[in-house]
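Thanks for sending this one over. Here are a few notes to read alongside the coordinates.

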Amino acid sequence: MNRQALAFLTMFSLILMLSVYYVTLPYDTTSVMSTQDGEELDDSKQNEEQVNDAEKLQKEITSKQESEVKKNSDVVSDSKSSDAQKQEALETIDTLKGDQANTEALKQELEKAGFMSAIEITEGTCKISVFDSEDNEANAKKVMKIASDATENKYLIEVTFK
């Protein structure tokens, strides 16, 4: 009977110690949980975050361009500005509007191809930040091909994956 009691106490204390250990573990937010369909919840959450990041970056780029247009519009509407300054401001506004149109067209083409991106066109350079895709040569080539076709090779294209 002494052996049975010792075995029981040993097993009981082992189970008790393991249960205390698992109860005191911190909640792991990086663990992957599955739904009933078998798809992972983390992937959809990560995808939503990437969409939000892409939208935030695109809004920042757009607001920066809009502030530049506003600044040039102020130069045009200012009576103290010279004709040369007004002409330069009008050319800059036309360039910015054209860049915005190209940005929208390129963004739509990339979305059709399945790439979530933010695009900034400045001074002859088209900077494309791709959010939902693997950073590999094949994807970079696809994005660059789509961008060169959509912009008719007007810009130097830079692609980054985030």
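**Notes on the fold and surface**

1. A good place to begin is the strand pairing: Ile128 sits opposite Val159 in β3. Please keep in mind throughout that this is a predicted model.

2. The wider setting of that pair is the contact between strand β2 (residues 125-130) and strand β3 (residues 156-161). The two strands run parallel and are joined by six bridges. To get from β2 to β3, the chain passes through helix α4 (residues 137-151), and the resulting β-α-β crossover is right-handed.

3. Stepping back to the whole protein chain, its secondary structure amounts to four helices and three strands. Along the sequence these elements appear in the pattern α-α-α-β-β-α-β.

4. Next, the contacts. Among those in the protein chain with a separation of 6 or more, 53% link residues 24 or more positions apart. As for burial, 26% of the 162 residues count as buried.

5. Now the surface. The protein chain has an accessible surface of about 12,000 Å², and carbon and sulfur atoms contribute 54% of that. A nonpolar patch on the surface is formed by Met11, Leu14, Leu18, Tyr21, Tyr22 and Leu25, which together have about 640 Å² of accessible area.

6. One member of this patch is worth a closer look: is Tyr22 buried or exposed? Tyr22 belongs to helix α1 (residues 2-24). Its relative accessibility is 57%, so Tyr22 counts as exposed, the cut-off for that label being over 50%.

Notes. Residues numbered from 1 in each chain as written. Predicted model: local features only at pLDDT ≥ 70, side-chain atom pairs only at ≥ 80, totals over all residues. Heavy atoms only, no water. Pairing = 2+ DSSP bridges. Right-handed = clockwise from strand over helix to strand, strands pointing away. Patch = residues over 30% accessible without salt bridge, like charges linked within 9 Å, V, L, I, M, F, W, Y side chains within 5 Å. Areas by Shrake-Rupley, 256 points an atom, 1.4 Å probe, with all protein chains shown as cover. Salt bridge = Lys/Arg side-chain N within 4 Å of Asp/Glu carboxyl O. Buried < 20%, exposed > 50% of the residue type's maximum accessible area, 1.4 Å probe, protein only. Contact = heavy atoms within 4.5 Å.
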